[in-house]
Amino acid sequence: MRERTVSEAVIHRLPKYYRHLQELQERGVERISSGELSAEMGFNASQIRQDFNCFGGFGQQGYGYRVNSLLHELSQILGLTHVYNIVIVGAGNIGKALARYAAFPQEGYEVKGIFDIREEVIGREINGITVQNVADLPEFLQQNQIDIGVICTPKDNAQKTADVLTQGGVRALWNFAPIDVEAEKACIENVHLSDSLYVLSYRLTNS
Ligand code: NAI
């Protein structure tokens, strides 16, 4: 792993660059300047150059960026060249929707297990995977190397779930419960869908 200090803001812009470059590649665009990227993405050109400079540049003065090689670099920086094993805890609405998300395998995320606490859900199949009893999660984590734990439980059980996952060696948590879970030994992305909804209602209210 490359050692570097990169701000959270830059890290959160990288997926946007990646998606945009994928689109450019699909459109057959071979090279693009930071000015053109700026006009298309709404970030200013110097910010784009600074962001890429965090990772050593990639562009050439007067030429811009080669879309293919920038995409390749970004996929390496984002760690998209690996396959990540995932478990989903909580097989309700969100857990099921994520388990059925068809693009995960293509993008290198493999759902290895789904766990729930309710008898009526345990044993059901979701997208070819049988829901297991969450009581068996610690043993499952001992036997399988899991990279990412997805927390889709109600909020009262989310921290406990995070603890079980990290004690089992999971180093990344993707938390959908509406509390910010904490873990010393894991990186965490708390996903609060309602936050972007509140931004929309703010805009509707204040426009
Ligand atoms: P749901 O009620 O459909 O599913 C929750 C599932 O978790 C149930 O199947 C339940 O049996 C299971 N569960 C409860 N405790 C458990 C435990 N300790 N271990 C394993 N499984 C357990 O809920 P839904 O709609 O899927 O939402 C899941 C979570 O996501 C909730 O915390 C909800 O508040 C949150 N949510 C988050 C949103 C967001 O913006 N991130 C939007 C909507 C919901």
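**View 1. Who sits around the ligand in this predicted model.** Count the residues surrounding the ligand and you get 22. The closest are Ile94, Asp116, Thr153, Asn157 and Leu193. Sorted by class, this shell is made up of 12 nonpolar, 7 polar and 3 charged residues.

**View 2. Helices that help build the shell.** Two helices to look for here are H5, covering 93–99, and H9, covering 193–206. Each of them contributes at least two residues to the shell around the ligand.

**View 3. Backbone atoms facing the ligand.** Zoom in on Ile117 and you'll find one of its backbone N or O atoms 3.5 Å from a ligand nitrogen. For Phe176, a backbone N or O atom lies 2.8 Å from a nitrogen atom of the ligand. Over at Leu193, a backbone N or O atom is 2.4 Å from a ligand oxygen. As for cover, the ligand taken alone exposes 850 Å², and the protein buries 77% of that.

**View 4. The pocket that holds the ligand.** Here's the space the ligand takes up: it is the second largest pocket.

**View 5. Stepping back to the domains.** The domain assignment splits out domain 1 at 8–77 and domain 2 at 84–194. Taken over C-alpha atoms, the centres of domain 1 and domain 2 are 32 Å apart.

Methods. Residues are numbered from 1 along each chain as its sequence is written. This is a predicted model: local features need pLDDT of at least 70, side-chain atom pairs count only at pLDDT 80 or more; totals for chains, interfaces and linings use all residues. Side-chain values use heavy atoms; hydrogens and water are left out. Domain bounds come from an automatic or database domain assignment. A residue is near a molecule or strand if one of its heavy atoms lies within 4 Å of it. A polar contact is a pair of N or O atoms within 3.5 Å; within protein, one must be able to donate a hydrogen and the other to accept it, and residues adjacent in sequence count only if both atoms are side-chain atoms. Accessible areas come from the Shrake-Rupley method with a 1.4 Å probe; for residues, only the protein chains shown count as cover. On a 1 Å grid over the protein atoms alone, a cavity is a set of points where a 1.4 Å probe fits but cannot get out, and a pocket is an open set with protein on both sides within 12 Å along at least five of seven lines; lining residues have an atom within 4 Å of a point. A molecule sits in a cavity or pocket if more than half of its atoms lie within 2 Å of its grid points. Helices (H or I, at least four residues) and strands (E, at least two) are DSSP runs, numbered from the N terminus. Ala, Val, Leu, Ile, Met, Phe, Trp, Tyr, Cys and Pro count as nonpolar, Asp, Glu, Lys and Arg as charged, and the others, Gly among them, as polar.
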